[in-house]
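Reader: I should like to learn how to read the features of a protein model in an orderly way. Could you take me through one example?

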Amino acid sequence: MNIKPLADRVLIKPAAAEEKTVGGIIIPDSAKEKPLKGEVVAVGNGTKDEEMIVKAGDNVLYGKYAGTEIELDGEQYLIMRQSDILAVI
């Protein structure tokens, strides 16, 4: 993959949604909760005002509506500002 986020942006691969069944009924993909954690794949260089704290390989938690969904090489990713990340786990 050849993508390099700019400034204070971070590229994240969301964790897979957990499979849930309710009394033997499988919940369809459209009704599953969007995962709120993922792995940092690439980071930008930061800005003069904001140093990059996260690095590639970190597992992070982010807000429910944070980031922009993109698809690269058939995989789903999120690109967001570092400030949208809530915690490193």
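Author: The dialogue below moves from the overall fold to single residues. The model is predicted.

Reader: Where does one begin, and how many helices and strands does the protein have?

Author: One begins with the inventory of secondary structure. The protein has 0 helices and 8 strands, and along the sequence the pattern reads β-β-β-β-β-β-β-β. The separation of contacts in sequence is a useful second view. Here, of the contacts with a separation of 6 or more, 66% join residues 24 or more positions apart.

Reader: How are strands read once they are listed, and which strands pair with strand 5?

Author: One looks for bridges and for the sense of each pairing. Strand 5, residues 59–62, pairs with strand 4 (residues 37–43) in the antiparallel sense over 3 bridges. Glu 39 has Asn 59 of strand 5 as its bridge partner. Strand 5 also pairs with strand 8 (residues 85–88), again antiparallel and over 3 bridges. In that pairing Tyr 62 is bridged to Ile 85 of strand 8.

Reader: Which residues form the covered face of strand 5, and which the uncovered one?

Author: The covered face of strand 5 consists of Val 60 and Tyr 62, whereas the uncovered face consists of Asn 59 and Leu 61. Val 60 and Tyr 62 also belong to the largest nonpolar core.

Reader: How many residues make up that largest nonpolar core, and which elements give two or more residues to it?

Author: The largest nonpolar core holds 12 residues in all, including Val 10, Ile 12, Val 40, Val 43, Leu 78 and Met 80. The elements that give two or more residues to this core are strand 1, strand 4, strand 5 and strand 7. Met 52 is another member of the core. Beyond its neighbours within four places in sequence, Met 52 is in contact with Ala 7, Asp 8, Arg 9, Val 10, Val 43, Gly 44, Asn 45, Gly 46 and Gln 82.

Reader: How much of the protein counts as buried, and how much area does the protein expose?

Author: Burial is expressed as a share of the residues, and exposure as an area. Of the 89 residues, 27% count as buried. The protein exposes about 6,200 Å², of which carbon and sulfur atoms supply 52%.

Reader: What should one look for in the backbone angles?

Author: Most residues other than glycine have a negative phi. Two residues here have a positive value. Ala 7, in the segment before strand 1 (9–14), has a phi near 55°. Asp 73, in the loop between strand 6 (68–72) and strand 7 (75–81), has a phi of about 50°.

Reader: Why does Ala 7 count as partly exposed, and why is Asp 73 exposed?

Author: Ala 7 counts as partly exposed because its relative accessibility is 29%. Asp 73 is exposed because its relative accessible area is 70%, and the class begins over 50%.

Reader: What can be said of Thr 68 in strand 6, and with which residues is Thr 68 in contact?

Author: Thr 68 counts as partly exposed because its relative accessibility is 47%. Leaving aside neighbours within four places in sequence, Thr 68 is in contact with Tyr 77, Leu 78 and Ile 79. The C-alpha atoms of Thr 68 and Leu 11 are separated by 9.7 Å, and the two residues are 57 residues apart along the chain.

Reader: How are aromatic rings read, and what lies over the face of Tyr 77?

Author: A pair of aromatic rings is described by the distance of the centres and the angle of the planes. The count in this model comes to 0 aromatic pairs. Lys 13, however, lies over the face of Tyr 77, at 5.5 Å from the ring centre.

Definitions and conventions. Residues are numbered from 1 along each chain as its sequence is written. This is a predicted model: local features need pLDDT of at least 70, side-chain atom pairs count only at pLDDT 80 or more; totals for chains, interfaces and linings use all residues. Side-chain values use heavy atoms; hydrogens and water are left out. Helices (H or I, at least four residues) and strands (E, at least two) are DSSP runs, numbered from the N terminus. Buried means under 20% relative accessible area, exposed over 50%, partly exposed in between (1.4 Å probe, protein chains only). Two strands pair if DSSP finds at least two bridges between them. Rings of Phe, Tyr and Trp (its six-membered ring) pair if their centres lie within 6.5 Å; planes under 30 degrees apart count as stacked, over 60 as edge-to-face and the rest as tilted. A charge sits over a ring if NZ of Lys or CZ of Arg is within 6 Å of the ring centre and within 35 degrees of the ring normal. A nonpolar core is a set of buried Ala, Val, Leu, Ile, Met, Phe, Trp, Tyr and Cys residues joined through side-chain atoms within 4.5 Å. Contact means heavy atoms within 4.5 Å. Accessible areas come from the Shrake-Rupley method with a 1.4 Å probe; for residues, only the protein chains shown count as cover.
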